[in-house]
Amino acid sequence: MSPVNASQDGQDTPEPRVGPVPDEKPDFHPYHHPAAGWGAAKSVTRFMVRERELLDGPRAILKMNHENGGFDCPGCAWPDDLKGLHLDICENGIKHVTWEMTRKRVGREFFAEHSVSELSGWSDFALEDQGRLTEPMSYDPDTDHYVPISWKDAFELVGRTVRELDNPNQTSFYTSGRLGNEATFLYQLWARELGTNNLPDCSNMCHEASGRALQASLGTGKGTCDLADWESTDALFIMGVNAASNAPRMLTALAEAYERGAQVVHINPLVEAAATRTIIPHDFKDMALNKATRTSTLNLQVRIGGDMAFLRGIAKAVLEQSGSDPKALDREFIDRYTEGFDAYRALCEATPWDEIERQSGLDRDAILKAARVYRDADRSIISWCLGVTQHEHGVDTVREIVNVLLLRGNLGREGAGPSPVRGHSNVQGNRTCGIDHRPSDAFLARLAEACDIDAPRAHGLDTVGTIEAMRRGDVKVFVGMGGNFALAAPDTPYTYEALRTCELTVQVSTKLNRSHLVHGRRALILPCLGRTEKDEQRGGLQATSVEDSMSMVHLSVGMKRPASKHLLSEPAIIAGMARASLPDSGTPWEWYVEDYDRVRDTMAQVIDGFEDCNRRVRLPLGFRIKQPARELVFLTDSGRAEFSAAPLPDVIPEPGTLALGTMRSHDQWNTTIYSDNDRYRGIKNLRTLVFLNQDDMRERGIGEFDPVDITSTARDGSRRSLAGYLAVPYDIPRGCAAGYMPEMNVLCAIGDHSTQSDQPIMKHVKVTVTLST
């Protein structure tokens with residue numbers, strides 16, 4: 001297919017293709033097979049053949065997610081199996097690792113042959129498919145090529161540019177979820193010793209709402225459940241999650257829950273493959289027999305944005321039942337541990353059922369089915385992902401999750417509690433170890449004491465704030481640790497302009513990506529070790545620690561020889577930039593890099609829950625960071641768990657408009673695209689599409705695969721469009737639409753972020769869809 005143009009208020013902006021160029025026509029056949037199983041096995045095999053990793057690929061499978069000398073999967077943050085399963089792996093994890101271990105290389109010869117202008121026209125698949133970066137490169141504006149630069153000169157360029165700034169808040173330090181804890185700690189230490197809290201991260205675009213809501217309700221920014229809770233609960237409520245693609249190892253937990261008789265309720269606008277049935281690939285007997293296990297007992301298709309109304313319906317049903325059945329509520333728990341129950345009860349009573357039905361997109365009977373599951377379960381877990389958070393009212397919705405849990409005392413006991421599903425492998429560890437533009441005074445005080453620095457107290461910039469500040473010229477130096485910021489952020493043309501306004505952009509990466517081509521006046525590409533590679537320092541082979549989505553911290557040790565002798569570890573790169581920009585620093589940067597145990601010893605003094613971490617992280621499965629709310633200790637102003645009493649938002653699209661949510665395809669990990677296929681949704685050779693309800697299509701005179709134009713209208717009235725996308729009829733509620741990120745990020749205006757969490761509203765973009773002319 002030809003490239004698709006995006007436009008903003010009439011100004012055409014060429015948008016290069018993200019995926020590979022398909023060699024066949026687009027195809028759509030609804031998927032009816034089990035998730036994972038032989039489909040996953042075949043896909044992984046084809047992928048390893050394509051990447052020529054038939055030797056190291058299987059070897060990596062046997063080392064990934066192992067407690068003794070293995071490396072942590074660089075994909076999702078699902079916890080490691082408690083039984084030490086030898087094949088605690090998934091399709092996407094294997095693809096992610098194989099993609100990193102590729103034998104292809106991108107060195108000085110490549111950059112000499114291809115200018116930045118030329119590469120800017122390549123697809124993002126083609127850029128990453130060139131292979132691993134091998135040496136530091138610097139952009140030469142005279143030739144429009146990247147040219148080699150020594151590590152010493154690269155560090156000095158960063159240091160000199162930072163030292164020449166008027167103030168430290170003209171820098172911003174972005175982090176993707178891949179960064180290990182030790183590098184994370186050094187990174188935030190550099191920023192704060194420099195004098196800024198400008199520490200945006202991918203959480204600002206994903207789970208910021210979860211952290212703020214849980215902090216307000218329970219006094220902790222994290223979920224309280226662990227994997228043992230999932231294995232013992234009576235009911236699982238899975239909201240806004242496509243587990244088969246985003247956290248495939250969750251399929252094991254869902255199948256096991258179903259087999260032991262637990263209720264598994266999925267709430268999502270689309271019925272995803274993970275919400276039907278699965279064959280777990282490491283269950284050899286089921287694979288041999290091709291025996292599938294169900295992964296749900298009930299599927300409810302809420303409208304986009306209707307999750308809060310659905311939860312209010314469950315609460316209203318439970319409260320109504322308590323009039324005749326006192327056991328419907330846990331009054332002892334409510335009276336002893338919570339605050340604000342009476343106001344919440346009055347709010348539920350005042351919310352009419354017809355409004356709950358209208359806003360949720362579900363009829364009363366469907367909601368009552370879910371309410372009965374919740375009422376009959378002794379222990380319930382509610383889990384959620386970005387389908388809940390990337391909305392204007394994301395904080396209120398997560399707080400409503402807590403409200404429902406509090407009604408029946410589903411907190412502080414085994415098998416119960418809130419359980420957000422984090423995305424990237426160490427995104428939660430990044431926040432724990434200091435990547436936070438709004439740090440607590442207690443953390444800053446401990447950091448200042450342990451590291452002998454004067455840590456700034458003023459809040460810094462988050463992701464959206466950084467983009468806006470770069471665009472204004474207020475941020476002049478942007479450092480990105482991993483990820484693909486240019487492609488992941490909202491309002492693509494605006495973000496591109498912002499990055500190009502900078503004096504210097506620095507990208508620490510393993511592979512070539514769009515963020516290397518959308519750069520400041522000066523730019524550096526600094527290649528780092530991957531998670532699979534051995535990290536040898538003066539103190540010997542190093543291990544890094546990571547934190548999963550359920551607060552378990554464990555070690556990761558690479559297995560492969562580095563892709564190039566010129567690669568440095570992330571801690572070494574951070575230390576080099578920090579020393580160059582802070583030449584008089586008393587921080588022993590080089591000493592820290594020699595032995596990461598030294599970093600962890602300092603982390604133990606600063607981070608609550610990391611006490612004695614060097615010993616505990618070497619225990620089988622590592623250690624779990626303490627969760628006060630799990631022990632019914634609530635660090636809120638009242639000292640209790642807080643009910644919230646937010647009114648239901650109006651999420652009904654205006655006449656003629658649809659609510660569009662962006663999402664990944666199955667053959668994709670964040671902004672990395674493996675192919676133009678989406679197996680679990682039945683799509684082949686197509687990414688530039690929009691999924692639509694068939695009645696909405698008929699109303700607009702749109703047929704299957706008709707080219708359509710998608711136009712969003714921002715809060716400020718500005719419009720953004722994508723032209724020539726193909727319409728695909730899909731089982732999705734009326735008034736709703738869906739399509740792939742990052743292609744559709746252009747539709748989300750930079751100003752369209754939640755007033756509650758400052759997250760871009762990627763899951764609730766107001767659009768019109770019309771036939772292309």
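This section describes a helix, a strand and the principal pockets and cavities of a predicted model.

Helix H1 spans residues 37-50 and contains 14 residues. The distance from its first C-alpha to its last is 20 Å, close to the 20 Å expected at 1.5 Å a residue. Gly37, Ala40, Ser43, Val44, Phe47 and Met48 are the buried residues of H1. Viewed along the helix axis, these buried residues are confined to an arc of 130°, so they line one face of H1. The face turned away from the buried side carries Lys42 and Arg46, which are exposed.

H1 also contributes to the second largest pocket, whose volume is about 770 Å³. This pocket is lined by 32 residues, and those closest to its centre are Gly39, Arg46, Asn677, Arg679 and Lys684. Two or more lining residues are given by each of strand E3 (27-28), H1 and strand E30 (683-684). The largest share, eight residues, comes from H1. By class, the lining of the second largest pocket comprises ten nonpolar, twelve polar and ten charged residues.

The largest pocket encloses about 1,100 Å³ of space. Its lining consists of 33 residues, with Gln215, Gly221, Arg431, Asp436 and Ser440 closest to the centre. Helix H9 (208-218), helix H21 (427-432) and helix H22 (441-451) are the elements that supply two or more residues to this lining. Eight residues of the lining of the largest pocket are nonpolar, 14 are polar and eleven are charged.

Cavities were also examined. Eight cavities of 30 Å³ or more were counted. The second largest cavity holds about 250 Å³ of space. Of the 18 residues lining this cavity, Gly530, Arg531, Asp535, Thr544 and Glu570 lie nearest its centre. Helix H8 (181-194) and helix H26 (570-581) are the elements that give two or more residues to the lining. The lining of the second largest cavity includes five nonpolar, seven polar and six charged residues.

In strand E34 (residues 736-740), five of the five residues are buried, so the strand is largely enclosed by the rest of the structure. Both of its faces are covered, with Cys736, Ala738 and Tyr740 buried on one side and Ala737 and Gly739 buried on the other. E34 runs parallel to strand E27 (residues 658-663), to which it is joined by five bridges. Strand E31 (residues 689-692) is antiparallel to E34 and is joined to it by two bridges. Alanine 738 of E34 stands opposite glycine 661 and also opposite phenylalanine 691.

Methods:
Residues numbered from 1 in each chain as written. Predicted model: local features only at pLDDT ≥ 70, side-chain atom pairs only at ≥ 80, totals over all residues. Heavy atoms only, no water. 1 Å grid on protein atoms, 1.4 Å probe; cavity = no way out; pocket = protein on both sides within 12 Å on 5 of 7 lines; lining within 4 Å. Points joined across faces, edges and corners; volume = space filled by probe spheres on them. Helix = DSSP H or I, 4+ residues; strand = E, 2+ residues; numbered from the N terminus. Nonpolar A, V, L, I, M, F, W, Y, C, P; charged D, E, K, R; others polar. Expected span 1.5 Å × (residues − 1). Buried < 20%, exposed > 50% of the residue type's maximum accessible area, 1.4 Å probe, protein only. Arc of directions from axis to C-beta. Pairing = 2+ DSSP bridges.
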